[in-house]
Amino acid sequence: MDLYDLVELREALPEENLPAGAVGTIVHVFHRPELAYEIEFTDEDGRTLSSVALTPDRIRRVWTDRS
């Protein structure tokens, strides 16, 4: 997965009020201490709802026409 890819949650994050399947954008890639991605979740108006660092096993890439 790369910067600005769309991803969806494999499972809900109740502490962030995000359901399983919520779609967000990778805004940063961490390589240390382990691979993780900062994912930004927004509402329909583009306002940030949450920004969370997640390991690859917790998300999956959403394929679009541009991918």
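These questions and answers go through the sheet and the nonpolar core of a predicted model.

Student: In what order do the five strands of the open sheet lie?

Tutor: The strands of this open sheet pair in antiparallel fashion. The twist from one strand to the next averages 40°. Read across the sheet, the order is S4-S3-S2-S1-S5.

Student: Which strands are the edge strands?

Tutor: An edge strand pairs on one side only. In the order S4-S3-S2-S1-S5, the strands that fit are S4 and S5, the latter spanning 59-61.

Student: How many bridges join S3 to S4?

Tutor: S3 and S4 run antiparallel. Across this pair, Phe-41 stands opposite Ser-50 in S4. The number of bridges joining S3 to S4 is six.

Student: Which residue takes a positive phi in the hairpin of S3 and S4?

Tutor: This hairpin has five residues between the strands. The phi in question is near 85°, and the residue is Gly-46.

Student: Which strand gives the largest share of the largest nonpolar core?

Tutor: This core has 12 residues, including Val-7, Tyr-37 and Val-52. Strands S1 (6-9), S3 (36-42) and S4 (48-54) each give two or more residues to the core. The largest share is three residues, and the strand is S3.

Student: Which residues is Leu-54 in contact with, leaving aside its neighbours within four places in sequence?

Tutor: Leu-54 is itself part of the largest nonpolar core. Contact here means heavy atoms within 4.5 Å. Leaving aside neighbours within four places in sequence, the residues are Leu-9, Leu-13, Ala-36, Tyr-37, Ile-39 and Ile-59.

Key:
Residues numbered from 1 in each chain as written. Predicted model: local features only at pLDDT ≥ 70, side-chain atom pairs only at ≥ 80, totals over all residues. Heavy atoms only, no water. Core = buried A, V, L, I, M, F, W, Y, C linked by side-chain atoms within 4.5 Å. Buried < 20%, exposed > 50% of the residue type's maximum accessible area, 1.4 Å probe, protein only. Helix = DSSP H or I, 4+ residues; strand = E, 2+ residues; numbered from the N terminus. Pairing = 2+ DSSP bridges. Axes fitted to C-alpha atoms, helices over the stretch in contact; angles between N-to-C directions.
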